[in-house]
Amino acid sequence: MALSTAHRNRDSGNHIVTAVAAGVLLALTPVFIKSSGSFVSLEMVAAGIFSLSGFLLMQKALHSGGISIVIPLVTAANILTAFAFGIAFFYENVTYIKWFGAAAIILGAFDLARTDKAGKAGKKN
């Protein structure tokens with residue numbers, strides 16, 4: 001009963017979790033591509049699986065939630081996951097400028113989402 005209600009209700013919040021999961025999976029795709037030694041390897045197969053899964057989850061999130069919420073969440077999750085994996089596994093040198101750039105992208109994405117909602121609220125039908 002609860003599952004069918006959540007499926008019918010577009011504001012159930014499931015799109016938030018799905019969008020974050022999509023962002024994480026889409027960020028893992030280049031991680032496996034970078035660690036791959038050749039085009040035909042298990043890492044490339046994993047990259048394809050993560051890419052396809054992330055794409056399908058993002059489509060599901062877009063179907064159940066609004067684009068102005070889903071895209072900023074996917075973007076933020078993608079950037080944060082890429083940063084975390086880059087630092088933890090690839091020992092990337094992250095300067096303050098790079099941290100500032102990532103924060104600016106994330107804040108900008110959420111600001112655009114907020115601005116889009118405010119613009120729609122101001123329109124009269």
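The legends below describe close-up views of one predicted protein model.

Residues are numbered from 1 along each chain as its sequence is written, and side-chain values use heavy atoms, with hydrogens and water left out. In this predicted model, local features need pLDDT of at least 70 and side-chain atom pairs count only at pLDDT 80 or more, while totals for chains, interfaces and linings use all residues.

**View 1. The whole chain has 5 helices and 0 strands.**
Along the sequence the pattern reads α-α-α-α-α. Helices (H or I, at least four residues) and strands (E, at least two) are DSSP runs, numbered from the N terminus. Of the 125 residues, 26% count as buried. Buried means under 20% relative accessible area, exposed over 50%, and partly exposed in between, with a 1.4 Å probe and protein chains only. The accessible surface comes to about 8600 Å². Carbon and sulfur atoms hold 71% of that surface. Areas come from the Shrake-Rupley method with a 1.4 Å probe; for residues, only the protein chains shown count as cover. Among contacts with a separation of 6 or more, 68% join residues 24 or more positions apart. Contact means heavy atoms within 4.5 Å.

**View 2. Helix α2 covers residues 14-35.**
This helix has 22 residues. Its first and last C-alpha atoms are 32 Å apart, close to the expected 32 Å. The expected span is 1.5 Å times one less than the number of residues. Buried residues of α2 include H15, T18, A19, A22 and G23. Further along α2, L25, A27, L28, T29 and V31 are buried too. Their cover includes α3 (42-64) and α4.

**View 3. Helix α3 packs its buried residues against α2 and α4.**
Those buried residues are A46, A47, G54, M58 and A61. The 23 residues of α3 should span 33 Å at 1.5 Å a residue, and the end C-alpha atoms are 33 Å apart, which agrees. An α-helix has 3.6 residues a turn, so residues three or four places apart point the same way.

**View 4. Helix α4 runs through residues 67-90.**
It has 24 residues and reaches 32 Å between its end C-alpha atoms, close to the 34 Å expected. Buried positions in α4 include S68, V70, P72, L73, V74 and A76. A77, I79, T81, F83 and G86 are buried as well.

**View 5. The largest nonpolar core has 7 residues.**
Its members are A19, A22, M58, A61, V70, L73 and V74. A nonpolar core is a set of buried Ala, Val, Leu, Ile, Met, Phe, Trp, Tyr and Cys residues joined through side-chain atoms within 4.5 Å. Helices α2, α3 and α4 each give two or more residues to this core. The most come from α4, with 3 residues. A second, separate core of 5 residues includes A76, F83, A102 and I106.

**View 6. V70 has contacts beyond its sequence neighbours.**
Leaving aside neighbours within four places in sequence, V70 touches H15, A19, A61, L62 and G65.

**View 7. A109 sits in helix α5.**
The residue is buried, with a relative accessible area of 13%. Leaving aside neighbours within four places in sequence, A109 is in contact with P72 and T75. A109 and I69 are 40 residues apart in sequence. Their C-alpha atoms are 9.5 Å apart in space.

**View 8. E92 and K34 form a salt bridge.**
A search of the whole structure finds 1 such pair. The closest N and O atoms are 2.9 Å apart. E92 lies in the loop between α4 and α5 (96-122) and K34 in helix α2, so the pair ties together parts 58 residues apart in sequence. A salt bridge is a side-chain nitrogen of Lys or Arg within 4 Å of a carboxyl oxygen of Asp or Glu. E92 counts as partly exposed, at 37% relative accessibility.

**View 9. Y91 takes a positive phi just after α4.**
The angle is near 50°, in a residue other than glycine. Y91 lies in the loop between α4 and α5. It is exposed, with a relative accessible area of 70%.

**View 10. L52, F55 and L56 form a nonpolar surface patch.**
Together they have about 310 Å² of accessible area. Patches are made of residues with over 30% relative accessible area and no salt bridge; like charges are joined within 9 Å, and nonpolar side chains (Val, Leu, Ile, Met, Phe, Trp, Tyr) within 5 Å. F55 is found in helix α3. F55 counts as partly exposed, at 43% relative accessibility.
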